[in-house]
Amino acid sequence: MPTTANTHSLSDYKQISINSFNDYIRTSQPNHLAFSYSHRNKSYNYNVELLKTKCNYGGYRYWFACPKCSRRVGVLYCAGLYVCRHCIGANYQTQLMQPWQRPDIRIQAIRKRLGWRYSMYQPKPKGMHRATHKRLFMEYIEIEDSYISRIEMIDKLVKAKSNS
Ligand SMILES: [Zn+2]
């Protein structure tokens, strides 16, 4: 087994290999796979585009297009979204992490004030004004929305690329 600098850290992630879909891909020839799963109490539903290259001995070999960077890869790793090893390396500390793991300073500050640690929502902390709670909550939603729309934008870019 080849070893790379990433081997140890990558093995910590749940992974999906294109090989496990070979039979399905060969019979159905889809241009994407629908991913649907939950990870850390959050559910994910999105499509991962498939790419194909011609084999020397005939036929095609299929690949995932990484949902984040659209690189052609054979294995995706679960970081919330399933992404390639390059994205795991580059973004492990940032966008792809779950909200409570992300070092986004503002979002962490809000979570702390609202008393949210590992779960998305907790009742209003005792002693906090309703208006303050609402304001913080709305600000949180806004930050989360912009995060989600970034992910959706990437999805669209990947789709546009694979259709061209
Ligand atoms: Zn990637």
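## A buried isoleucine in helix 2

Let's start with a single residue: I25 is found in helix 2, which covers residues 22-28. This is a predicted model, so please read everything here with that in mind. Is I25 buried or exposed? With a relative accessible area of 1%, I25 is buried.

Which residues does I25 touch, leaving aside those up to four places away in sequence? They are I18, P30, L50 and Y62. Take Y62 as an example: I25 and Y62 are 37 residues apart in sequence, yet their C-alpha atoms are 8.1 Å apart in space.

## The chain as a whole

Stepping back, the secondary structure of the chain comes to five helices and seven strands. Reading from the N terminus, the elements follow the order α-β-α-β-β-β-β-β-β-α-α-α.

The chain has 164 residues, and buried residues make up 38% of them. Contacts also span the sequence: among those between residues at least 6 apart, 40% join residues at least 24 apart.

## The open sheet

Four strands come together in an open sheet, in the order 2-3-4-5, with antiparallel pairing. Strand 2 (32-39) and strand 5 (72-73) stand at the edges with a single partner strand each, so one side of each is left without a neighbour in the sheet. At one edge, strand 5 runs antiparallel to strand 4 (residues 60-65), and two bridges join them. Here F64 stands opposite V73 of strand 5.

At the other edge, eight bridges join strand 2 to strand 3, again antiparallel. These two strands form a hairpin with two residues between them, and R40 in the turn has a positive phi of about 50°. In a regular strand, side chains alternate between the two faces of the sheet. You can follow the two faces of strand 2 by eye: L33, F35, Y37 and H39 make up the covered face, while H32, A34, S36 and S38 make up the uncovered one.

## Aromatic rings

How many aromatic pairs does the structure hold? There are seven. In one of them, the rings of F35 and Y46 have centres 5.9 Å apart and planes at 35°, so this pair is tilted. The pair links distant parts of the chain, with F35 in strand 2 and Y46 in strand 3 (residues 42-54), 11 residues apart. Y46 is also the bridge partner of F35 in strand 3. F35 is buried, with a relative accessible area of 5%, and Y46 counts as buried at 9% relative accessibility.

Y37 and Y44 offer another pair to look at: their ring centres are 5.2 Å apart and their planes are at 15°, so the pair is stacked. Both Y37 and Y44 are buried. These residues belong to one aromatic cluster, formed by F21, F35, Y37, Y44, Y46, F64 and Y82.

## Arginines over a tryptophan

W63 is worth a look of its own. The charged end of R61 sits over the ring of W63, 4.2 Å from its centre. R72 lies over the face of W63 too, at 5.1 Å from the ring centre.

## The zinc site

Which atoms coordinate the zinc ion? The donors are the SG atoms of C66, C69, C84 and C87, at 2.3 Å. The angles among these four donor atoms are 105 to 113°, and the site is tetrahedral. For reference, the ideal angle for four tetrahedral donors is 109.5 degrees.

If you want to find the donor residues in the sequence, look for the spacing C-x2-C-x14-C-x2-C. C69 lies in the loop between strand 4 and strand 5, and C84 in the loop between strand 7 (81-83) and helix 3 (85-91), so the pair ties together parts that are 15 residues apart in sequence. Are these two cysteines buried or exposed? C69 counts as partly exposed, at 28% relative accessibility, whereas C84 counts as buried, at 0%.

Definitions and conventions: Residues are numbered from 1 along each chain as its sequence is written. This is a predicted model: local features need pLDDT of at least 70, side-chain atom pairs count only at pLDDT 80 or more; totals for chains, interfaces and linings use all residues. Side-chain values use heavy atoms; hydrogens and water are left out. Two strands pair if DSSP finds at least two bridges between them. Buried means under 20% relative accessible area, exposed over 50%, partly exposed in between (1.4 Å probe, protein chains only). Contact means heavy atoms within 4.5 Å. Donors are N, O and S atoms within 2.8 Å of the metal (3.2 Å for Na, K and Ca); water is not among the atoms, so sites may look incomplete. Four donors count as tetrahedral if all angles lie between 85 and 135 degrees; four count as square planar and six as octahedral if opposite donors are over 155 degrees apart and all others between 65 and 115; anything else is irregular. Rings of Phe, Tyr and Trp (its six-membered ring) pair if their centres lie within 6.5 Å; planes under 30 degrees apart count as stacked, over 60 as edge-to-face and the rest as tilted. A charge sits over a ring if NZ of Lys or CZ of Arg is within 6 Å of the ring centre and within 35 degrees of the ring normal.
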